[in-house]
Amino acid sequence: TMVPGSTITVTAPAVLPAVSSINGNVALANTTLDLNGTPLQLNGASLSGSGDIIGDVFNNGVVVVGGIGTLGNLTISGNYTQSPSSAIVIEVLNNGFTTVPDQLAVTGSTILNGGILVIGFVSNSLGLVTANFNPFLFSGGVSGTFSSIFDAGGNILFINFSGGSFTILGAPPVIPDSVIDDLIGFLSESEEISETASSNKAESEAIIEELLETEEDEEGGALVCKIAL
C-alpha cells in the first residue's frame, strides 16, 4: 500500500507487486506501468506524464496528461472512472495554423461522473486559435460528461460529443463592454426617434383634419372636400 502523498516516478517499464490498494501520486515518464490487477485510486493524488497504465484508474484527484508544460499521450489500458471532485488537465500547442493537444486514450469503459476539464497552453503557444481539436480517444465507450470545462483564461468551453470522442469547439466570443454600451445607446435613441415620429404623425393627422372638411353633394352624393379658410 502506498503512503498517501507519496509519489512513484516510473522511468522504465515496471510491474507493481500485488497489493491491496494503490493510493498516491504516479508520474509516468514515457513508459509502461502495469498495475498487476490492482486499481489505481487517485484520492486527492495525481497521475501525470506520458505512457501506458495497464489497469483500472479511479480519478478522485487530478490527471495531468503529458505533464505540465509538455505535450504527450497517456493511455489507460483498462477502465477509467472520474468522480465529481476530480479534474483532467489537457494542454495544447497552437502555432497559428493548427492545434496539437495532449491526448488521453482509454481502451476500456470510461465513466465521467462530472468533474472539471481544464485546457491549458504550453509555452510559445499562440492560444486557442484553431477551435476544433480532439484530446480524447475513448475507444471502449463513454458515459457521462464533465461538469465544467475551462480554458487557461477561465473562459467556458463548449464540447461536441460524437462517436465516443469529445471535440472542443472553442469559447464563446467575448463582446467588449463598449460595444454593449453602444448597442444600448442605439436602442435607446431608436425608441426616442420612434416616439417622436409617432407624435409628429398624430399632430399631422390632427392638422389635416382641421384643414379638410368633407360634405356630401346633395345631388350626386359624391364627397366634396373644401379647404376651411
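## Overall picture

Strands here are DSSP runs of E with at least two residues, and helices are runs of H or I with at least four, numbered from the N terminus. With that in hand, welcome to this predicted model. The secondary structure of the protein comes to one helix and 19 strands.

Of the 229 residues in the protein, 34% are buried. The exposed surface is about 12,700 Å², with 57% of it supplied by carbon and sulfur atoms. As for how the chain comes together, take the contacts between residues at least 6 apart in sequence: 48% of them join residues at least 24 apart.

## How far to trust it

The mean pLDDT of the protein is 76, and 67% of the residues reach 70 or more. Confidence is highest in strand β6 (residues 73–77), at a mean of 96, and lowest in strand β19 (residues 223–227), at 48. Over residues 225–229 the pLDDT is below 50, and this stretch has 11 contacts in the model beyond near neighbours in sequence. If you plan to look at those contacts, a word of caution applies: where pLDDT is low, the predicted coordinates should not be read in detail.

## Strand β11 and its partners

Let us turn to strand β11, which covers residues 110–113. On one side, β11 pairs with strand β7 (residues 80–82) in the parallel sense over three bridges, and Tyr 80 stands opposite Thr 110. Strand β14 (residues 142–145) also runs parallel to β11, joined to it by four bridges. In that pairing, Asn 113 stands opposite Thr 145.

The side chains of β11 alternate along the strand: Thr 110 and Leu 112 point to one face and are buried, whereas Ile 111 and Asn 113 point to the other face and are not. Thr 110 has a relative accessibility of 1%, so this residue counts as buried, the cut-off being under 20%. Leaving aside neighbours within four places in sequence, Thr 110 is in contact with Tyr 80, Phe 138, Gly 141, Val 142 and Ser 143. Tyr 80, then, is both the residue opposite Thr 110 and one of its contacts.

## The nonpolar core

The largest nonpolar core has 33 residues, and Leu 47, Ile 88, Leu 117 and Phe 136 are those with the most contacts inside it. Strand β4 (residues 40–54) gives the largest share of this core, five residues. As background, nonpolar side chains tend to be buried together in soluble globular proteins.

Ile 88 is a handy residue to centre your view on. Not counting residues up to four places away in sequence, Ile 88 touches Leu 117 and Phe 136, two residues named above, along with Asn 59, Val 63, Val 65, Tyr 80, Gln 82, Leu 104, Ile 116, Val 118 and Phe 146. Tyr 80 appears here too, as a contact of Ile 88 as well as of Thr 110.

## Two asparagines with positive phi

Asn 30 has a positive phi of about 50° although this residue is not a glycine. Its place is in strand β3 (residues 25–34). With a relative accessibility of 66%, Asn 30 counts as exposed, because the cut-off is over 50%.

Asn 36 also has a positive phi without being a glycine, with a value near 55°. This residue is found in the loop between β3 and β4. Asn 36 is partly exposed, with a relative accessible area of 37%.

Terms used: Residues are numbered from 1 along each chain as its sequence is written. This is a predicted model: local features need pLDDT of at least 70, side-chain atom pairs count only at pLDDT 80 or more; totals for chains, interfaces and linings use all residues. Side-chain values use heavy atoms; hydrogens and water are left out. Buried means under 20% relative accessible area, exposed over 50%, partly exposed in between (1.4 Å probe, protein chains only). Two strands pair if DSSP finds at least two bridges between them. pLDDT is the predictor's confidence in each residue, from 0 to 100. Contact means heavy atoms within 4.5 Å. A nonpolar core is a set of buried Ala, Val, Leu, Ile, Met, Phe, Trp, Tyr and Cys residues joined through side-chain atoms within 4.5 Å. Accessible areas come from the Shrake-Rupley method with a 1.4 Å probe; for residues, only the protein chains shown count as cover.
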